[in-house]
Amino acid sequence: MKIIHVKARLCGRLRQFANTGVPHHWEGEVPAGTTVGELISVIGGKREDVHYFRVNEKYCYDTEVLSDDAFVHYYPPGQ
C-alpha cells in the first residue's frame, strides 16, 4: 500500500488535534487515496466538525483525493 505525507492547518476548535508542537498544525502519513473528508477522522475530528476545506490554497469538496505533500486547511462552522 502506498503512503503519502500530508500537513493540515486546523482552525478554531479543531486546533485541539494539532500534533506537531506548532499551534494549529497536524502532520502525518495516510494511505494513498485518502480524501479530505476522511483525513479529518484520521486527525481525530468528525466530518460535521468542518464547514469547509482548502487543499493547497484551493477550496474543494470533502471528496477531494489528497496527493503527496498536500496542505489542507480545515475550518469549523462559524469561521
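Asp69 lies in the loop between β4 and β5. The model is predicted, and these exercises start from that loop residue.

**Exercise 1. Decide whether Asp69 is buried or exposed, and find the sign of its phi angle.**

Step 1. Take the relative accessibility of Asp69, which is 54%. 
Step 2. Apply the cut-off: exposed means over 50%. 
Step 3. Asp69 therefore counts as exposed, at 54%. 
Step 4. Turn to the backbone. Phi of Asp69 is near 70 degrees, a positive value, and the residue is not glycine.

**Exercise 2. Locate Asn56, then classify its accessibility and describe its phi.**

Step 1. Asn56 sits in the loop that joins β3 and β4. 
Step 2. These two strands make a hairpin with two residues between them. 
Step 3. Within that hairpin, Asn56 has a positive phi near 50 degrees. Here too the residue is other than glycine. 
Step 4. The relative accessibility of Asn56 is 40%. Partly exposed lies between the buried limit of 20% and the exposed limit of 50%, so Asn56 counts as partly exposed.

**Exercise 3. Write out the order of elements along the sequence and the order of strands in the sheet.**

Step 1. Count the elements: one helix and five strands. 
Step 2. Read along the sequence. The pattern is β-β-α-β-β-β. 
Step 3. Now read across the sheet. The order is β2-β1-β5-β3-β4, in an open sheet with mixed pairing. 
Step 4. Find the edges. They are β2 (25-31) and β4 (58-60), each of which pairs on one side only. 
Step 5. Add the twist, which averages 30 degrees from one strand to the next. 
Step 6. Place the helix. α1 (residues 36-43) lies across β1 (3-10), β2, β3, β4 and β5. Its angle to β5 is about 80 degrees.

**Exercise 4. Trace the pairing partners of β3.**

Recall what pairing involves: strands of a sheet pair through backbone hydrogen bonds, either parallel or antiparallel.

Step 1. Look at β3 (residues 52-55) and β5. Four bridges join them, and they run antiparallel. 
Step 2. Look at β3 and β4. Three bridges join this pair, again antiparallel. 
Step 3. Go residue by residue. Arg54 has His73 in β5 as its bridge partner. Phe53 has Tyr74 in β5 as its bridge partner. 
Step 4. Check Phe53 towards β4. There it stands opposite Cys60.

**Exercise 5. Work out whether His73 is buried or exposed, and list its contacts.**

Step 1. His73 belongs to strand β5 (residues 70-75). 
Step 2. Its relative accessible area is 6%. Buried means under 20%, so His73 is buried. 
Step 3. Set aside neighbours within four places in sequence. His73 then contacts Arg9, Tyr52, Phe53, Arg54 and Glu57.

**Exercise 6. Find the salt bridges, and give the accessibility of the residues Arg54, Asp62 and Arg47.**

Step 1. Search the whole structure. There are two salt bridges. 
Step 2. In one, Asp62 meets Arg47, with 2.9 Å from N to O. Asp62 is in the loop between β4 and β5, while Arg47 is in the loop between α1 and β3. The two are 15 residues apart and link distant parts of the chain. 
Step 3. Check accessibility. Asp62 is partly exposed at 26%. Arg47 is partly exposed at 32%. 
Step 4. In the other, Arg54 pairs with Glu57, and the closest N and O atoms are 3.4 Å apart. Arg54 has a relative accessible area of 14%. That value is under the 20% limit, so Arg54 is buried.

**Exercise 7. Describe the largest nonpolar core and the overall dimensions.**

Step 1. The largest nonpolar core has 20 residues. Leu39, Leu66 and Tyr74 have the most contacts inside it. 
Step 2. Elements giving two or more residues are β1, β2, α1, β3 and β5. 
Step 3. Follow Tyr74 outwards. Beyond four places in sequence, its contacts include Ala8, Leu10, Leu14, Leu39, Ile40 and Val50. 
Step 4. Take the burial total. Buried residues make up 39% of the 79 residues. 
Step 5. Test the globule rule. A compact globule of 79 residues would have a radius of gyration near 12 Å; the protein has 11 Å, so the two agree. 
Step 6. Add the spans. Along its principal axes the C-alpha trace covers about 35 × 30 × 20 Å. 
Step 7. Finish with contact range. Of contacts between residues at least 6 apart in sequence, 59% join residues at least 24 apart.

How values were computed. Residues numbered from 1 in each chain as written. Predicted model: local features only at pLDDT ≥ 70, side-chain atom pairs only at ≥ 80, totals over all residues. Heavy atoms only, no water. Buried < 20%, exposed > 50% of the residue type's maximum accessible area, 1.4 Å probe, protein only. Contact = heavy atoms within 4.5 Å. Pairing = 2+ DSSP bridges. Axes fitted to C-alpha atoms, helices over the stretch in contact; angles between N-to-C directions. Core = buried A, V, L, I, M, F, W, Y, C linked by side-chain atoms within 4.5 Å. Salt bridge = Lys/Arg side-chain N within 4 Å of Asp/Glu carboxyl O. Rg over C-alpha atoms; globule rule 2.2 N^0.38 Å.
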